[in-house]
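Reader: I am new to this structure and would love a guided tour. Could you show it to me and then take my questions one by one?

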2 protein chains.
Amino acid sequence: MNINHITHSDCLALDQQDPLAALRQQFRLPAQMIYLDGNSLGAQPKAAFDRAQQVIQEEWGNDLITSWNKAGWFDLPSRLGNLLAPLIGAQAEEVVITDSTSINLFKAIAAALQIQAQQADGAQRKVIITERSNFPTDIYMAEGLTKWLDRGYQIHLIDSPEELTSAINQHTALVMLTHVNYRTGYLYDMAQVTALAHQHGALCLWDLAHSAGAVEVDLHQAQADFAVGCCYKYLNGGPGAPAFIWVPQRHQAQFHHPLTGWWGHAAPFAMQPNFQVTPNIRRALCGTQPIVSLAMIESGLQIFAQTSMSAIRQKSLALTDLFIQLVETRCARHQLGLVTPREHAKRGSHVSFTHEHAYAVIQALINRGVVGDYREPAIMRFGFTPLYTSFVDVWNAVDALSDILDNQLYDANIQRHAVT
Amino acid sequence: MNINHITHSDCLALDQQDPLAALRQQFRLPAQMIYLDGNSLGAQPKAAFDRAQQVIQEEWGNDLITSWNKAGWFDLPSRLGNLLAPLIGAQAEEVVITDSTSINLFKAIAAALQIQAQQADGAQRKVIITERSNFPTDIYMAEGLTKWLDRGYQIHLIDSPEELTSAINQHTALVMLTHVNYRTGYLYDMAQVTALAHQHGALCLWDLAHSAGAVEVDLHQAQADFAVGCCYKYLNGGPGAPAFIWVPQRHQAQFHHPLTGWWGHAAPFAMQPNFQVTPNIRRALCGTQPIVSLAMIESGLQIFAQTSMSAIRQKSLALTDLFIQLVETRCARHQLGLVTPREHAKRGSHVSFTHEHAYAVIQALINRGVVGDYREPAIMRFGFTPLYTSFVDVWNAVDALSDILDNQLYDANIQRHAVT
């Protein structure tokens, strides 16, 4: 393969050599679509529908209330958490799948601030550091919590990863970052940043929304303190599937948050009028979970169990390398700006380019069956999901992009739709 | 019908005259089961599976990311809220279906406390009044929030509805009650209690978990301030289906809570780093919702649209009257204690009896296909759901109960299972 002149045949050959290629058959993918938006909503594992049918018809329809025990509904958050754990370097009984990422952020931020407040220097630690370009809900949840606590907490927004070193100091209570930036695809060095935070006595909370199932994550090796993440992106759990929260064993005894619902009680069916927190990871739970949406997550996790995160990461980098290379050669005469780091160690599994008419070009691509998405400001974002994206998909996507740009096959005056 | 000697034929005749009888065909109910636990988990509307199939195969599987717009996923919480509104006396754009009841309680309690804190006498209003016998998560959520706020709020637990009058005073910030008690079936007079709260300057938050779809509720007529409730009980939305929260138009501008996620933002896709609350009912939203579990709620609501809450209430009272009457005549020589009020105005749609071996008797009933449930302490609970419970069901249930009691067909030494 000539790296400066990659052909369609080269991509076909890459697919033939791809050890993950067969996994694509386990997903339902529309025949005429090249889906490069699995970083926003993962594709459907075919088994998910069978699982939903089992839950709806048998467990709900036939067995009704008995399914809380018999079908293990009540244990689903922790049972599925245990299946997810190996993908992120977590141990058993450290992860639950529950609620939304936003709600789980709230729990983790609250717990972290309380742990810090109880330290000898707690009164001086009033700053939460995060990025201005973080996914907004992460910032909003910190804002909501600290405003309500009204104890002088401040949110310090950094404008680039380089600012972290000077930002973290003895006043930092918590460093809260998204491991892979939703817009740029920038990948933080989790171990390095966590160590930096710890050197200054700060705790570190990682949002794995764009990492889990996409890049190799080893929370324990990085000595991370808390993590949350999303199950409907690379994990293919289904639209709006409940999210996850990880609390390592070493922090569980001090993990307290205000959302003390009955599912986090030590004896939820004893119906006691006072809250007694359960000693295990289920203390991160609050109320009753949406069982059908929750159960389908297992179908996605079962596909991951057939491979490894290192194999997935290897293919992810090959896909994103190929995409960048093809775009930069075949669309060289257009004003595309690569936003995503070229360096492997700093790149997640999606690639973003700026273009003056980014929104219009994305719409034109979607109309041709090449589904990426648009993000403010002026960013075209393309997600590569090694379980089902092929190298020929990459070729065909760039082929469509170059055609649209070369021949101006987009409506530069199109108005942006309000949603997604 | 001789009220002192009701026969199986009488019950058959009642079914033949029942205007709601035909609706039962729209539910999937196991042939050999008499399901009297719809107050815990509602039965499955047959249409729910078709709806799930549409969401999973077409909207997720085929249309993928475009379904956030095209299939209206993003609007589901408010669209379904509008369908639910008429069942509880709410107006359009006042209800969203989202998150769990516990999480929604947290939002409503927080908003109520903040509204009170901003009143001239706010500093003196530090008490939340609720019942010791309230469903525990309601108390736990108030406990979690007030403990975190650490501003001197207290939770005053009353031990009977009669204590309300003396408990509510100028220090009361919020009266938080479950409209129908989950254990006893006691139904509060919502208008009367709300008026009492308002006379003393307190706000009133109602949990409609055991009311919505079961009894007539008119939130506006009662001048209630806030309400939350459950969609997986009488509303038949599916296991763990997202819950609802109601904020009347008159309170929406002041409705603020700490769970400020991106779905409550005025411009969620503008990706701004600061939270700007949306002016409408969607400010009660937080993060992304579990779409499959959420979407199925519509199938339950569509059955309600074919009748009226007054017709449902009329049948509910007839069913519970019949059950009480039959149990008290046919099981007269056993030590059963009626916990549920006889007075219609004070009775929800389930009936509870105490018995020394309540747990064992319930298990024996379940083994015979008569599904009620057990609640601490020593309570047998039977839910009557007018959309699918027949009068002959009631007859057969009591027939089984009397046989089990008369012949001691239960294992008095059985150990209680931990869950449900």
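Reader: Which residues point one way from strand 4 of chain A, and which the other way?
Author: This is a predicted model, in which local features need pLDDT of at least 70, side-chain atom pairs count only at pLDDT 80 or more, and totals for chains, interfaces and linings use all residues. Residues are numbered from 1 along each chain as its sequence is written, chains are lettered from A and ligands numbered from 1 in the order in which they are written, and side-chain values use heavy atoms, leaving out hydrogens and water. In a regular strand, side chains alternate between the two faces of the sheet. In strand 4, residues 95-98 (strands are DSSP runs of E, at least two residues, numbered from the N terminus), all are buried (under 20% relative accessible area, 1.4 Å probe, protein chains only): A:Val95 and A:Ile97 point one way, A:Val96 and A:Thr98 the other.

Reader: Which residue of strand 10 is the bridge partner of A:Thr98?
Author: Strand 4 and strand 10 (residues 243-246) of chain A run antiparallel, joined by 4 bridges; strands pair if DSSP finds at least two bridges between them. In strand 10, the bridge partner of A:Thr98 is A:Ala243.

Reader: Is A:Ile245 buried or exposed?
Author: A:Ile245 is found in strand 10 of chain A. Contact means heavy atoms within 4.5 Å, and beyond its neighbours within four places in sequence A:Ile245 touches residues including A:Val95, A:Val96, A:Thr98 and A:Phe255. With a relative accessible area of 0%, A:Ile245 is buried.

Reader: How many aromatic pairs does the structure hold, and what angle lies between the planes of A:Tyr186 and A:Tyr188?
Author: Rings of Phe, Tyr and Trp (its six-membered ring) pair if their centres lie within 6.5 Å; planes under 30 degrees apart are stacked, over 60 edge-to-face and the rest tilted. Over all chains there are 34 aromatic pairs. A:Tyr186 and A:Tyr188 form an edge-to-face one, 5.2 Å centre to centre, and the angle between the planes is 80°.

Reader: Which residues of chain B lose the most area to chain A?
Author: Buried area is the accessible area (1.4 Å probe) that two parts lose on being put together, summed over both. Chain B and chain A bury about 7700 Å² between them, 68% of it on carbon and sulfur atoms. In chain B, the residues that lose the most, together 12% of what that side buries, are B:Trp60, B:Tyr140 and B:Trp148.

Definitions and conventions
Buried means under 20% relative accessible area, exposed over 50%, partly exposed in between (1.4 Å probe, protein chains only).
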